[in-house]
Amino acid sequence: MQYQWKKKEIINKIRILLEIFNQEEKAIEDKPIIVSSIETYYKMLTLIAAKEIQLISEEKNSNNLENFVKTMNSHKKDYPFLFEEEHKDFIEKLSKLKIIDQKKYSKINSKPKELTKEAKLFFQSLNTFMIDNLNEVEKINPHLYHFTKNSDVFGCCFFDFYNKIPYILIRHSKNITDILTTIHEIGHSIEYINSTTNNFKSINTEFLPYLLEMFFYKYNKYYQNDLQNNFLTSYNNVIYFAKDAYKQMNLYERFKGDEKIVEKFNNFSPILSHKLCQNNFEIPFIDVVKYIHSYMNASKVYEVYIDYPKEVLNILINSVKQGDINQYHKYFNQIDINFNDLNIENFQQQQEKLFIKKY
Ligand SMILES: [Zn+2]
């Protein structure tokens, strides 16, 4: 399948961004956002190039552990709450929950065009703000959607924050996840074009996309079994991720601040460290916690949405309009959802009640 994005065009975009970056009069505060946009195009470029040459090398050397500790230490500044005792406790409890057996998805024979049409109809059903924004996103990038058969990629919204241009990548698996991924990535793009802050590293980045997937569950009447299966997958993923996060957390506790241990570890057992790295550091801790946090909060808000759809949607739209995704909790407090209250005991029951009642 040909990529919608042309290598030449992407390289040109990088070149222009580099020129802007090097302009002397460019304000210092603009520089990180320019760098983030360059990184975005670079990621897209490697994705295209990976098909032709082995550009992404499988370098998993023994420095991974050292890098991991370094990364974790640097996250500490950005996400101090991740290192609080109550969050560790929460991750531990979550990691002890059981995984539920899953069914296979049935095939849907939908072409990319039909999928995007389906997604548009859904956004139209929500609210004029949402569909207006989607139209805007499609106008900004007429080649917005790109479907791939590459099984490594689930879905992604690449975003050039400096120029505010979105690019959406969707895996074409010919089941219900295609529609959900399309909706999910559109959610990111709408949020990003409205963002007024540079705070796209927020803990809530996955909140709106997951919530939209949940809204689709209420909206769609044809694929209920497969949609239930999808939420079962998400539920299982939350537990898998928690197990990973728990392992990483323990390792971090053991190795943080002790450079000698890290050094010894690498010198004496490079093979062991390689294996450990493979098992534990595949998904960086921060992304795992983001996923869990966003998914649980989305479930919580969805629970209220079932009874008060209009109210929840209005609050949501206002917070997207504000352009700061860290502000969600401020608005949702109005309908009595305490964003920081993530209750593990209720999580399982809530998921069964909301999505997986037939299992
Ligand atoms: Zn996402």
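The following dialogue introduces the main features of a predicted model.

Visitor: How many helices and strands should I look for in the protein chain?

Guide: In this predicted model, the secondary structure of the protein chain comes to 15 helices and three strands. Of its 359 residues, 33% count as buried. Among contacts between residues at least 6 apart in sequence, 77% join residues at least 24 apart.

Visitor: How should I read the sheet, and in what order do the strands lie?

Guide: Strands of a sheet pair through backbone hydrogen bonds, and the pairing is either parallel or antiparallel. Here three strands form an open sheet with mixed pairing, in the order S1-S3-S2. S1 and S2 are the edge strands, each pairing on one side only. From one strand to the next, the twist averages 20 degrees.

Visitor: Which pairs are parallel or antiparallel?

Guide: S2 and strand S3, residues 165-171, are antiparallel partners over six bridges. Strand S1, residues 145-148, pairs with S3 in the parallel sense over four bridges. Ile 168 of S3 serves as a useful landmark: Tyr 145 stands opposite this residue, and Ile 168 is also the bridge partner of Cys 157. Further along, Phe 159 stands opposite Pro 166 in S3, while Asp 160 stands opposite Ile 165.

Visitor: What lies between S2 and S3 in their hairpin?

Guide: Four residues lie between the two strands, and Lys 164 in this hairpin takes a positive phi near 55 degrees.

Visitor: What can the two faces of S2 tell me?

Guide: In a regular strand the side chains alternate between the two faces of the sheet. In S2, Gly 155, Cys 157 and Phe 159 lie on one side, Cys 156, Phe 158 and Asp 160 lie on the other, and all are buried. Six of the six residues of S2, which spans residues 155-160, are buried, so this strand is largely enclosed by the rest of the structure. S3 is mostly covered, with six of its seven residues buried.

Visitor: Which helix packs on the sheet?

Guide: Helix H7 does so, touching S2 and S3, and its direction makes about 165 degrees with that of S3.

Visitor: Where should I look for the largest nonpolar core, and which residues have the most contacts inside it?

Guide: In soluble globular proteins, nonpolar side chains tend to be buried together. The largest nonpolar core here has 75 residues, and those with the most contacts inside it are Ile 183, Leu 211, Ala 245, Ile 292 and Ala 298. Helix H12, residues 285-307, supplies the largest share of this core, namely eleven residues. Beyond its neighbours within four places in sequence, Ala 298 is in contact with Phe 207, Tyr 210, Leu 211 and Met 214.

Visitor: How is a helix with a buried side to be recognised?

Guide: An α-helix has 3.6 residues a turn, so residues three or four places apart point the same way. Helix H13, residues 309-322, offers a case: Val 312, Ile 315, Leu 316, Ser 319 and Val 320 are buried. Viewed down the axis of H13, the buried residues fall within an arc of 135 degrees, so they line one face of the helix. On the other side, Lys 310 and Lys 321 are exposed.

Visitor: Against which helices do the buried residues of H13 pack?

Guide: They pack against helix H7 (176-194), H12 and helix H14 (328-332).

Visitor: What is the span of H13 from its first C-alpha to its last?

Guide: With 14 residues, H13 reaches 20 Å, close to the 20 Å expected at 1.5 Å a residue. Just after this helix, Gly 323 takes a positive phi of about 80 degrees.

Visitor: Finally, how should I read a single residue such as Lys 7, and where is its place?

Guide: One may combine its position, its surroundings and its contacts. Lys 7 has its place in helix H1, residues 7-22. It has 13 other C-beta atoms within 10 Å and is partly exposed. Lys 7 and Met 44 are 37 residues apart in sequence and 8.9 Å apart in space, C-alpha to C-alpha. Leaving aside neighbours within four places in sequence, Lys 7 is in contact with Leu 45 and Ile 48.

Key. Residues are numbered from 1 along each chain as its sequence is written. This is a predicted model: local features need pLDDT of at least 70, side-chain atom pairs count only at pLDDT 80 or more; totals for chains, interfaces and linings use all residues. A residue is buried if 20 or more other C-beta atoms lie within 10 Å of its own, exposed if 12 or fewer, and partly exposed in between; C-beta atoms are placed from the backbone. Two strands pair if DSSP finds at least two bridges between them. A nonpolar core is a set of buried Ala, Val, Leu, Ile, Met, Phe, Trp, Tyr and Cys residues joined through C-beta atoms within 7 Å. Two residues are in contact if their C-beta atoms, placed from the backbone, lie within 7 Å. The expected span of a helix is 1.5 Å times one less than its number of residues. The arc is that of the directions from the helix axis to the C-beta atoms. Axes are lines fitted to C-alpha atoms, for helices over the stretch in contact, and angles run from 0 to 180 degrees between N-to-C directions.
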